[in-house]
Amino acid sequence: MERHVTRRTSGGASPFPAVGDNRAVTLNIAIDADSGSAPYEQLRAQISEQARAGALPVGYRLPTVRGLAEELGLAANTVAKAYRALESDGVIETRGRNGTFVAAAGDAAQRQAAAAAAGYAERARRLGLGRAQALAAVEAALRAEYGE
């Protein structure tokens with residue numbers, strides 16, 4: 001049995017703040033009770049994917065823990081556990097009484113990759129490598145790592 005919640009917002013009279021470009025935003029969550037994956041993990045994965053794909057834009061306000069739990073028929077602790085994991089991953093941020101929002105920084109993996117790339121670029125420049133040489137070194141390392 002699956003439980004679904006779909007929240008659609010547009011810039012109009014909505015309890016959610018308008019997204020910068022005023023487009024409609026939809027939060028689609030489907031929890032499958034027959035899945036081998038825990039409900040909190042299903043929720044975490046779906047919100048993370050929607051944020052990463054841009055379906056939930058930066059600054060989108062998520063439902064409250066209690067509100068989403070009621071809509072999905074889950075325990076509040078289950079939703080809270082998913083929100084804590086998402087916050088730990090850097091996907092969302094909680095702003096106290098103002099609510100929980102999709103984070104501007106993206107997920108932790110993207111932040112770490114960007115920091116590593118910036119560190120590499122700085123180091124390559126200090127070593128005197130030109131842009132083409134630095135890029136060739138990165139492409140060679142990626143081919144070796146990904147087996148391409």
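Strands are taken here as DSSP runs of at least two residues, numbered from the N terminus, and on this basis Thr100 is found in strand E5, which covers residues 100-102. The model in which this strand is assigned is a predicted one. Thr100 has a relative accessible area of 11% and is therefore classed as buried, since that term applies to values under 20%. When residues up to four places away in sequence are not counted, Thr100 touches Tyr60, Arg61 and Leu62, together with Tyr83, Ile92, Glu93 and Thr94.

In its overall organisation, the protein contains five helices and five strands, and these elements follow one another from the N terminus in the order β-β-α-β-α-α-β-β-α-α. The protein comprises 148 residues, of which 30% count as buried. Among contacts with a separation of 6 or more, 49% are accounted for by residues 24 or more positions apart.

The packing of the helices was examined next. Two packed helices are described by the angle between their axes and the distance between the axes. For helix H1 (residues 39-53) and helix H3, the axes come within 8 Å and cross at roughly 45 degrees, and the two helices are therefore oblique to each other. The crossing of H1 and H3 is right-handed. On the H1 side, the contact is made by Pro39, Tyr40, Leu43, Arg44, Ile47 and Ser48, whereas H3 contributes Thr78, Val79, Lys81, Ala82, Tyr83, Ala85 and Leu86. Classified by residue type, the participants in the contact of H1 with H3 comprise nine nonpolar, two polar and two charged residues.

Ser48, which lies in helix H1, is one of the residues of this contact. Its relative accessible area is 5%, so Ser48 is classed as buried. Once neighbours within four places in sequence are left aside, Ser48 is in contact with Leu86 and Val91, and Leu86 is itself among the H3 residues that take part in the contact with H1.

Helix H3, which spans residues 76-88, also packs against helix H2 (residues 65-72), with axes that come within 8 Å and cross at roughly 120 degrees. This angle makes H2 oblique to H3, because the range counted as roughly perpendicular runs from 65 to 115 degrees and that counted as roughly antiparallel lies over 145 degrees. The crossing of H2 and H3 is right-handed. In this pairing, Val65, Leu68 and Ala69 of H2 meet Ala76, Val79, Ala80 and Tyr83 of H3. The residues of the contact of H2 with H3 divide into seven nonpolar, no polar and no charged. Val79 and Tyr83 of H3 thus appear in the contact with H2 and also in the contact with H1, and Tyr83 is in addition one of the residues touched by Thr100.

The remaining observations concern the two helices that follow in the sequence. Gln110 is found in helix H4, which extends over residues 108-126, and its relative accessible area of 41% means that Gln110 is partly exposed. Although Gln110 and Gly90 are 20 residues apart in sequence, their C-alpha atoms are 9.4 Å apart in space. Helix H5 (residues 131-146) has 16 residues and reaches 22 Å from its first C-alpha to its last, a span close to the 22 Å expected at 1.5 Å a residue. Just after H5, Gly147 takes a positive phi of about 70 degrees.

Key. Residues are numbered from 1 along each chain as its sequence is written. This is a predicted model: local features need pLDDT of at least 70, side-chain atom pairs count only at pLDDT 80 or more; totals for chains, interfaces and linings use all residues. Side-chain values use heavy atoms; hydrogens and water are left out. Axes are lines fitted to C-alpha atoms, for helices over the stretch in contact, and angles run from 0 to 180 degrees between N-to-C directions. Helices (H or I, at least four residues) and strands (E, at least two) are DSSP runs, numbered from the N terminus. Angles under 35 degrees count as roughly parallel, over 145 as roughly antiparallel, 65 to 115 as roughly perpendicular and the rest as oblique. A crossing is left-handed if the near helix is turned anticlockwise from the far one by less than a right angle, and right-handed if clockwise. Contact means heavy atoms within 4.5 Å. Ala, Val, Leu, Ile, Met, Phe, Trp, Tyr, Cys and Pro count as nonpolar, Asp, Glu, Lys and Arg as charged, and the others, Gly among them, as polar. Buried means under 20% relative accessible area, exposed over 50%, partly exposed in between (1.4 Å probe, protein chains only). The expected span of a helix is 1.5 Å times one less than its number of residues.
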